[in-house]
Every structure is written in structure tokens, then in C-alpha cells.
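Here is a short set of exercises to work through with the model open beside you. Try each task yourself before you read the solution below it.

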Amino acid sequence: MSDERETGSVFDPKFDDSGLLSAVVTNAENGALLMVGYMDQEALDATLATGKVHFHSRSRDRLWMKGESSGHFLNLVEILVDCDQDALLIKAKPDGPTCHTGAQSCFYRRLVDGKLVPA
């Protein structure tokens, strides 16, 4: 099964023991890193069905559509799957800021000498 999963054409996601995959989201237009989340089968299915990126919220233990409260949706453009199908790269067009803080990306700070400074 490993060879088919790694080199074949069948999509067979390899969820972890909690039923999750890592999902890295980038801006489809400029390649900027926007956020990292986790998807279970329900989130993956909802994303594919709606074209809006969904995640599994670990803190709320439920399906979560990015933008459901802010209106800043992530519109699916493309999904790339890593070699062993346990992580996804999602290219999306954001409707606004991605971070709940209002920043364009959740990665808006840099670690310098043990302190966080603006990126």
C-alpha cells in the first residue's frame, strides 16, 4: 500500500491517530503563507464540496469553516498532497485577513533573540 500511496494516483489520506491531517494554507495569488490548521475527513469533504476551506477545530472539537464568524473566507483554488498523503498544501484566495487578529497572515511575527518582533 505504501508504494501506491506514495507514487500512485489514488487519493488515500493518511490521517493521524486523532483522525487529522496537517493543512498548510498559502495565498494562491502570491504564495504567501497564511495559516496552518488540521483537517479531518469531514473538513476535507466540506472543503471539496463547498470550495470554502474548512478545518477541524481541536479546541472546540468540531468542524470549522474559516471565515464563518469574520466573513473572511478562504476560497479553495488547489490542493497539493505530500508524498505519503499525511499533509496538504492548500492554495486559496482569501476574502480578507486570514488571522483572527486582523493580520493578513497568522505568521506576522518573527523570533529574534528570544523575543517576538513584527515580521
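The exercises below go from the overall fold to pockets and then to single residues, and the model they use is a predicted one.

**Exercise 1. The overall layout**

Task: Find how many helices and strands the protein has, and give their order from the N terminus on.

Solution:
- Start with the count: the protein has two helices and eight strands.
- Next, follow the chain from the N terminus, where the elements run α-β-β-α-β-β-β-β-β-β.
- For the extent, take the C-alpha atoms along the principal axes; they fill a box of roughly 45 × 35 × 30 Å.
- Then turn to burial: 31% of the 119 residues count as buried.
- Finish with the contacts between residues at least 6 apart in sequence; 39% of these join residues at least 24 apart.

**Exercise 2. A hairpin**

Task: Work out how β3 and β4 are arranged relative to each other.

Solution:
- Look at the direction first: β3 and β4 (residues 62-65) run antiparallel, and four bridges join them.
- Pick out a facing pair, and you will see F55 opposite W64 in β4.
- Now go to the connection, where four residues lie between the two strands of this hairpin.
- Within that turn, D61 has a positive phi of about 50 degrees.

**Exercise 3. Two pockets**

Task: Describe the largest pocket and the second largest pocket by volume and by lining.

Solution:
- Begin with the largest pocket, which has a volume of about 440 Å³. Its lining has 20 residues, and those closest to its centre are K66, T98, C99, H100 and C106.
- Sort that lining by class: the largest pocket has eight nonpolar, eight polar and four charged residues.
- Move on to the second largest pocket, with a volume of about 170 Å³. G37, Y38, F55, H56, S57, R58, S59, R60 and W64 line it.
- Assign those residues to elements: β2 (33-39) and β3 (54-57) each give two or more residues to this lining. The largest share, three residues, comes from β3.
- By class, the second largest pocket is lined by three nonpolar, four polar and two charged residues.
- Link this back to the hairpin: F55 and W64, both in the lining of the second largest pocket, are the pair that stand opposite each other.

**Exercise 4. Two residues in their surroundings**

Task: Is N75 buried or exposed, and what does its side chain pair with?

Solution:
- Locate the residue first: N75 belongs to strand β5 (residues 74-81).
- Apply the cut-off: N75 has a relative accessible area of 18%, and buried means under 20%, so N75 counts as buried.
- Inspect the side chain, where a polar contact of 2.9 Å joins N75 to the side chain of D95.
- Beyond neighbours within four places in sequence, N75 is in contact with G51, K52, K91, A92, K93 and D95.

Task: Where does V10 lie, and which residues is it in contact with, leaving aside its neighbours within four places in sequence?

Solution:
- V10 sits in the loop between α1 (2-7) and β1 (21-27).
- With a relative accessible area of 46%, V10 is partly exposed.
- Set aside the neighbours within four places in sequence, and V10 is in contact with E4 and Q85.
- To relate V10 to the largest pocket, use K66, one of the residues closest to that pocket's centre. V10 and K66 are 56 residues apart in sequence and 27 Å apart in space, C-alpha to C-alpha.

How values were computed: Residues numbered from 1 in each chain as written. Predicted model: local features only at pLDDT ≥ 70, side-chain atom pairs only at ≥ 80, totals over all residues. Heavy atoms only, no water. Buried < 20%, exposed > 50% of the residue type's maximum accessible area, 1.4 Å probe, protein only. Polar contact = N/O pair within 3.5 Å; in protein donor to acceptor, adjacent residues only side chain to side chain. Contact = heavy atoms within 4.5 Å. 1 Å grid on protein atoms, 1.4 Å probe; cavity = no way out; pocket = protein on both sides within 12 Å on 5 of 7 lines; lining within 4 Å. Points joined across faces, edges and corners; volume = space filled by probe spheres on them. Nonpolar A, V, L, I, M, F, W, Y, C, P; charged D, E, K, R; others polar. Pairing = 2+ DSSP bridges.
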